[in-house]
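Colleague: I have a chain on my screen and a list of labels for its parts. Could you take me through what stands behind each label?

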Amino acid sequence: MRVWAISDLHTDFEENLQWVQQLSLADYRDDVLIVAGDISDDVAILETTLHLLTQRYRQVFFVPGNHDLWIRKDNLNDSLEKFYKVLNLCASLEVNTAPQLLNAVDSALYILPLFSWYVKPEEGNETLYMPKPGENSKTKVWMDDYHIRWPVFSEAGNASEYFLQLNDQYFPVLTPHTVISFSHFLPRRELMRGLYPVYDARGRKLKDPAPYFNFSRFAGSSALDAQLRAAGSSFHIYGHQHRNRYRRIDGVTYFSHGLGYRRERVFAGIDDKAYLPELIWTEANGLLTRPEN
Ligand SMILES: [Fe+2]
Ligand SMILES: [Fe+2]
């Protein structure tokens, strides 16, 4: 058994769906794939994509990202209804959205999916917001502002709190085994790739394509970091920013490896055919390490 990680499949885009279809049907039959959110807001495409993955991997783990909870084509009241619709779909496809102890031959592994949402700067101190010169929060370029709708969270306060409380049912995780956790959103500010300036694959400095937009408003929550650490996670996979990363901070390794959009792959010099989910754990070697970036 091996464990692989990927995020942000965005299979609304035909070239991304083709990328999933081209994954080997033979190579990963005994393996686990962790998908850290953002497949599609279209439930039919989400189902097709997850089904393709379950045909290729022995076990697939998934948590919804922001795109998966958009309600632009759904006849639903809000994104929380969408969340449970997605969870039910996962259950019907035997895609795991709850923690599982995987019994490898010599070493056991606890895979911990963490539901999450971002905290905007006006919503609480757990925000990962960092000021950006020239930003303008009034320019509505963030599509969640159009396609995400939350109910009134009377007890939890906001979406982030609601999802953290859902995760609480699994705590405390008192396992002597290696814990690999994953979420869609970022758990720490340091993980964010520079908001500005931007460099291309050859290291050339580019003009900021969206000078008024500040991603850190919608990046994640530091409460998520507290939660994964309380669970004893030593390796956390996240997605959302579409910037690959491997970093160790205070005893936890953070890893992001997304498919993202084709224009981002072209920009980063990535060849679709040579790009695969990333191997993070093997029975022989445990958690794999790599240079920080
Ligand atoms: Fe994404
Ligand atoms: Fe996202």
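Modeller: We will go label by label, from one helix to the two sheets.

Modeller: This is a predicted model: local features need pLDDT of at least 70, side-chain atom pairs count only at pLDDT 80 or more, and totals for chains, interfaces and linings use all residues. Residues are numbered from 1 along each chain as its sequence is written, while chains are lettered from A and ligands numbered from 1 in the order in which they are written.

Colleague: What makes Leu-224 count as buried?

Modeller: Its neighbour count. A residue is buried if 20 or more other C-beta atoms lie within 10 Å of its own, exposed if 12 or fewer, and partly exposed in between; C-beta atoms are placed from the backbone. Leu-224 has 30 such neighbours inside 10 Å, so it counts as buried.

Colleague: Which residues does Leu-224 touch, leaving out those up to four places away in sequence?

Modeller: They are Leu-114, Ser-116, Leu-164, Ser-183, Phe-185 and Pro-187. Contact here means C-beta atoms, placed from the backbone, within 7 Å. The C-alpha atoms of Leu-224 and Phe-115 are 9.0 Å apart, though 109 residues separate the two along the chain.

Colleague: Where does Leu-224 lie?

Modeller: In helix H6. Helices (H or I, at least four residues) and strands (E, at least two) are DSSP runs, numbered from the N terminus. H6 covers residues 222-230, and its buried residues are Leu-224, Asp-225, Gln-227 and Leu-228.

Colleague: Why are these buried residues said to be on the same side of H6?

Modeller: Because they cover an arc of only 165 degrees around the axis. The arc is that of the directions from the helix axis to the C-beta atoms. The buried residues of H6 pack against helix H5 (159-168), strand E6 (178-182) and strand E9 (233-238).

Colleague: Why is H5 called roughly parallel to H6?

Modeller: They pack at an angle of about 5 degrees, with axes 10 Å apart. Axes are lines fitted to C-alpha atoms, for helices over the stretch in contact, and angles run from 0 to 180 degrees between N-to-C directions. Under 35 degrees counts as roughly parallel, over 145 as roughly antiparallel, 65 to 115 as roughly perpendicular and the rest as oblique. That makes H5 roughly parallel to H6.

Colleague: Which residues of H5 and H6 meet?

Modeller: Ser-160, Leu-164 and Asn-167 in H5 meet Ala-223, Leu-224 and Gln-227 in H6.

Colleague: What makes E4 and E10 edge strands?

Modeller: Each pairs on one side only. Two strands pair if DSSP finds at least two bridges between them. The open sheet has six strands in the order E4-E5-E6-E9-E11-E10, with mixed pairing.

Colleague: How do you know that E9 and E11 pair?

Modeller: Four bridges join E9 to E11, and the two run parallel. One of the bridge partners is Ser-256 in E11, matched with Tyr-238. E10 (residues 245-249) and E11 (residues 252-256) are joined by five bridges and run antiparallel. E10 and E11 form a hairpin with two residues between them.

Colleague: How many strands are in the sheet that holds E1?

Modeller: Five, in the order E3-E2-E1-E12-E13, again an open sheet with mixed pairing. E3 (59-62) and E13 (286-287) are its edge strands. E1 (residues 2-6) pairs with E12 (residues 278-282) in the antiparallel sense over four bridges. Trp-4 has Leu-279 in E12 as its bridge partner.

How values were computed. Contact = placed C-beta atoms within 7 Å.
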